[in-house]
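Here's a quick briefing to read alongside the model. Have a look at the fold first, then go through the notes below.

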Amino acid sequence: MDVAAWLSGLGLEQYAELFRENDIDGEILCGMTAEDLKELGISSFGHRRRLLNAIAALGGEPPTRDVAQSAASPTSAPTSAPTIDAERRQLTVMFCDLVGSTALSIRHDPEDLRELIGDYHRAVSETVGRFDGFVAKYMGDGVLIYFGYPQAHEDDAERAVRAGLAVIEAVGRLPARQDLRVRLGIATGIAVVGDLIGEGAAQERGVVGETPNLAARLQAMAQPGTLVIAESTRRQIGGLFEIEDLGPRPLAGFDEPQRAWRVIGDSGVLSRFEALRSEATPLVGREEELELVLRRWQQAKSGEGRVVLISGEPGIGKSRLTAELSERIASEPHTRLRYFCSPHHQDSALYPFITQLERTIGFAREETVEEKRKKFRETIASGARGDFEIDAGRVAFTAELCSRSQSQPATQARDAARSAVSSA
């Protein structure tokens, strides 16, 4: 396999020398993972996602013929696509549609329109790529995206919703002569996915089942700039997002009305455990572990410093154990500091601390610097907020971290912090 020609076909020819220096041939290429690409030094998430999608399309079997030679030899027989068995999967499907594409085609020259649609496609692809979404097909001004294929995650429904909100924001920021808006529909359920349909540029990974049809119908009913999800997706995301119940809606092709929900934004719930499990079940089979952490708590109360690390595979009850501990000591005086990591902010330094400090001050992301300064003064004046004792130094630190987390210039962050401290 000509790896350089393959990279060139993806528009990533700048990595050809890097792959050559590391002796990456067709066989090695088909087994590469995201970690391998990071180790190679490919820092762009979008480029890694594009490479992984293309590697998945190879089907795990490198072509037996040189790509460039096949293209240049008219007499050779065409190479058949690798055979990939379709899979029955729990899948979250997203349909994304650009609003007013017909009007855009009337107002724009075809070449300008081509450039605009290309920018839109790139914005969608790069945005969903950050959440491990798989772009299955471009359909003019529409995009079909899978979450849970080819790689499945336990939080694919959440990833899809976060990606949908991010797509609305990303497309809205595109430079254009008028505002661009999208509408999106998301549904979750069992589907059969993986069949190769079509040939050449029309080739796609087909999906069969009720789920894609429901997502398409929800997208059609969504208002511009909004995301509508099915009841099946809502059950998967718990209380992680603020949503509006649109009620049962009659949809073409469905005998019964389908309940729909509009996603407004992040709910602001601090604990993912609490957001996804509103009704905790009784703790069973963890008496020994619970007794151990309670003993450590008693030792800490007597002046002996203690640290307890709870580690294990996902789903065995780590968060449930800590929740039980909090309930047992709720009546005792203590200060609780909770920091939560997020799989969607792995590239954000100090994200748990930034989030906790934002909540301590009571920041809202849409607030201006002046509004934040006012909150700084009020927080310092009160001296305490929630589970935290607040002093001027902490507020200054908060100002800089939170402002940086929202892509504001660092100088504005420092000015806001100094102003708040001096005013106090």
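Buried here means under 20% relative accessible area, exposed means over 50%, and partly exposed is anything in between, using a 1.4 Å probe and protein chains only. By that yardstick, 38% of the protein's 424 residues are buried. Keep in mind that this is a predicted model, where local features need pLDDT of at least 70 and side-chain atom pairs count only at pLDDT 80 or more, while totals for chains, interfaces and linings use all residues. Residues are numbered from 1 along each chain as its sequence is written, and side-chain values use heavy atoms, with hydrogens and water left out.

**Overall picture**

- The protein has 18 helices and ten strands; these are DSSP runs numbered from the N terminus, with helices being H or I of at least four residues and strands being E of at least two.
- Its accessible surface comes to about 23600 Å², and carbon and sulfur atoms hold 49% of that; the areas come from the Shrake-Rupley method with a 1.4 Å probe, and for residues only the protein chains shown count as cover.
- Taking contacts (heavy atoms within 4.5 Å) between residues at least 6 apart in sequence, 66% join residues at least 24 apart.

**Strand S1 and its partner**

- Strand S1 covers residues 87-98, and nine of its twelve residues are buried.
- S1 runs antiparallel to S3, with six bridges joining the two; strands are said to pair if DSSP finds at least two bridges between them.
- Across that pairing, Met-94 sits opposite Ile-145 in S3.

**Backbone oddities**

- As background, most residues other than glycine have a negative phi, and most peptide bonds are trans.
- The peptide bond from Tyr-149 to Pro-150 is cis, with omega near 0 degrees, and Pro-150 itself is in the loop between strand S3 (142-147) and H9.
- Asp-23 isn't a glycine, yet its phi is positive at about 55 degrees.
- You'll find Asp-23 in the loop between helix H2 (16-21) and helix H3 (26-29), where it counts as exposed because its relative accessible area is 60%.
- Asp-132 also has a positive phi, near 65 degrees, without being a glycine.
- The loop between helix H8 (110-129) and strand S2 (134-139) holds Asp-132, which counts as buried because its relative accessibility is 18%.

**Arg-162 and Gly-209**

- Arg-162 belongs to helix H9 (residues 156-172), and it counts as buried because its relative accessible area is 16%.
- The side chains of Arg-162 and Glu-158 share a polar contact of 2.8 Å; that term means a pair of N or O atoms within 3.5 Å where, within protein, one must be able to donate a hydrogen and the other to accept it, and residues adjacent in sequence count only if both atoms are side-chain atoms.
- Gly-209 is in the loop between strand S5 (204-208) and helix H10 (210-221), and it's partly exposed because its relative accessible area is 26%.
- From C-alpha to C-alpha, Gly-209 and Val-193 are 8.9 Å apart, with their positions 16 residues apart in sequence numbering.

**A nonpolar surface patch**

- Leu-337, Tyr-339, Leu-350 and Phe-353 make up a nonpolar patch on the surface, with about 370 Å² of accessible area together.
- Patches use residues with over 30% relative accessible area and no salt bridge, joining like charges within 9 Å and nonpolar side chains (Val, Leu, Ile, Met, Phe, Trp, Tyr) within 5 Å; a salt bridge is a side-chain nitrogen of Lys or Arg within 4 Å of a carboxyl oxygen of Asp or Glu.
- Leu-337 lies in the loop between helix H14 (318-328) and helix H15 (351-361), and it counts as partly exposed because its relative accessibility is 47%.
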